[in-house]
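Hi,

Here is the structure I promised to pass on. Have a look at it first, and my notes follow below.

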Amino acid sequence: MQAPERIDNDTAQGRLRLHWAEAVVTFSHVTLREACRCAACQFKRHHGTPINVAADVRVTTIEPAGYGVQLVFSDGHARGIYPWAYLAELAATAAAG
Ligand SMILES: [Zn+2]
């Protein structure tokens, strides 16, 4: 899975848009925060603990992480790495749902 050609972060609307050659996909920041795969969130998910995400949570920083991006959220959550393949999978799931 290649990196998108461009990433737009719309903090006003709370949306992150990834421009791949084949497709452009848009995620809400809330969706991304809920889909975090850091160890702490995985642990909560595994134990059925709800991950409380504020409706106004925002992606504040996007750090390159080689095979994906590390997203820093306005609630202080900054451990989640989102591989491109995972984001493509999320987009497909959202489209299917
Ligand atoms: Zn997390």
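A good place to start is His19, which sits opposite Val24 of strand E3. Bear in mind throughout that this is a predicted model. On the E1 side, His19 in E2 has Arg6 as its opposite number.

That makes E2 a handy strand for finding your way around. E2 runs antiparallel to E3, with five bridges in the pairing, and a hairpin of four linking residues connects the two. E2 also pairs with strand E1 (residues 6-10), again in the antiparallel sense and over five bridges. Within that pairing, Ile7 has Leu18 of E2 as its bridge partner. The E1-E2 hairpin has four residues between its strands, and Gly14 there takes a positive phi near 70 degrees.

Further along the chain there is another hairpin, made by E4 and E5 with three residues between them. Its turn holds Gly66, whose phi is positive at about 75 degrees. Strand E4 (residues 59-64) pairs with E5 in the antiparallel sense through five bridges, and Thr61 finds its bridge partner in Val72 of E5.

Now the zinc site, which I think you'll enjoy. Which residues hold the ion? The protein donors are Cys36 (SG), Cys38 (SG), Cys41 (SG) and His77 (NE2), at 2.1 to 2.3 Å from the zinc. In sequence, these donor residues follow the spacing C-x1-C-x2-C-x35-H. The arrangement counts as tetrahedral because the angles between the four donor atoms run from 98 to 115 degrees, and the cut-off asks for all angles to lie between 85 and 135 degrees. As for exposure, Cys36 is buried, at a relative accessible area of 0%, and Cys41 is buried too, at 3%.

What about the packing? The largest nonpolar core has 24 residues, and Phe27, Leu32, Tyr82 and Leu87 have the most contacts inside it. Two or more residues each come from strand E2 (15-19), strand E3 (24-28), helix H1 (29-34), strand E5 (68-73) and helix H3 (84-96). H3 gives the most, with five residues. This fits the general picture, in which nonpolar side chains of soluble globular proteins tend to be buried together.

Tyr82 deserves a click of its own. Leaving out residues up to four places away in sequence, Tyr82 touches Leu32, Arg33, Ala35, Cys36, Gly68, Val69, Leu71, Phe73 and Leu87. Cys36, one of the zinc donors, is therefore among the contacts of Tyr82.

Two glycines in loops are worth finding as well. Gly48 is in the loop between helix H2 (39-46) and E4 and is exposed, with a relative accessible area of 59%. From Gly48 to His19 the C-alpha distance is 34 Å, with 29 residues separating them in sequence. Gly76 lies in the loop between E5 and strand E6 (81-83), and Gly76 is exposed at 60%. Gly76 and Asp8 are 68 residues apart in sequence, and their C-alpha atoms are 21 Å apart in space.

Last, the annotation. UniProt, in an unreviewed entry, places the feature "domain: Gamma-butyrobetaine hydroxylase-like N-terminal" at residues 9-87. Over that stretch, the chain in the model is 23% helix and 34% strand, and the C-alpha atoms at its ends are 15 Å apart.

Happy browsing!

Conventions: Residues are numbered from 1 along each chain as its sequence is written. This is a predicted model: local features need pLDDT of at least 70, side-chain atom pairs count only at pLDDT 80 or more; totals for chains, interfaces and linings use all residues. Side-chain values use heavy atoms; hydrogens and water are left out. A nonpolar core is a set of buried Ala, Val, Leu, Ile, Met, Phe, Trp, Tyr and Cys residues joined through side-chain atoms within 4.5 Å. Buried means under 20% relative accessible area, exposed over 50%, partly exposed in between (1.4 Å probe, protein chains only). Contact means heavy atoms within 4.5 Å. Two strands pair if DSSP finds at least two bridges between them. Donors are N, O and S atoms within 2.8 Å of the metal (3.2 Å for Na, K and Ca); water is not among the atoms, so sites may look incomplete. Four donors count as tetrahedral if all angles lie between 85 and 135 degrees; four count as square planar and six as octahedral if opposite donors are over 155 degrees apart and all others between 65 and 115; anything else is irregular. UniProt positions are given in the numbering used here, feature names are shortened, and annotations may be inferred rather than shown by experiment.
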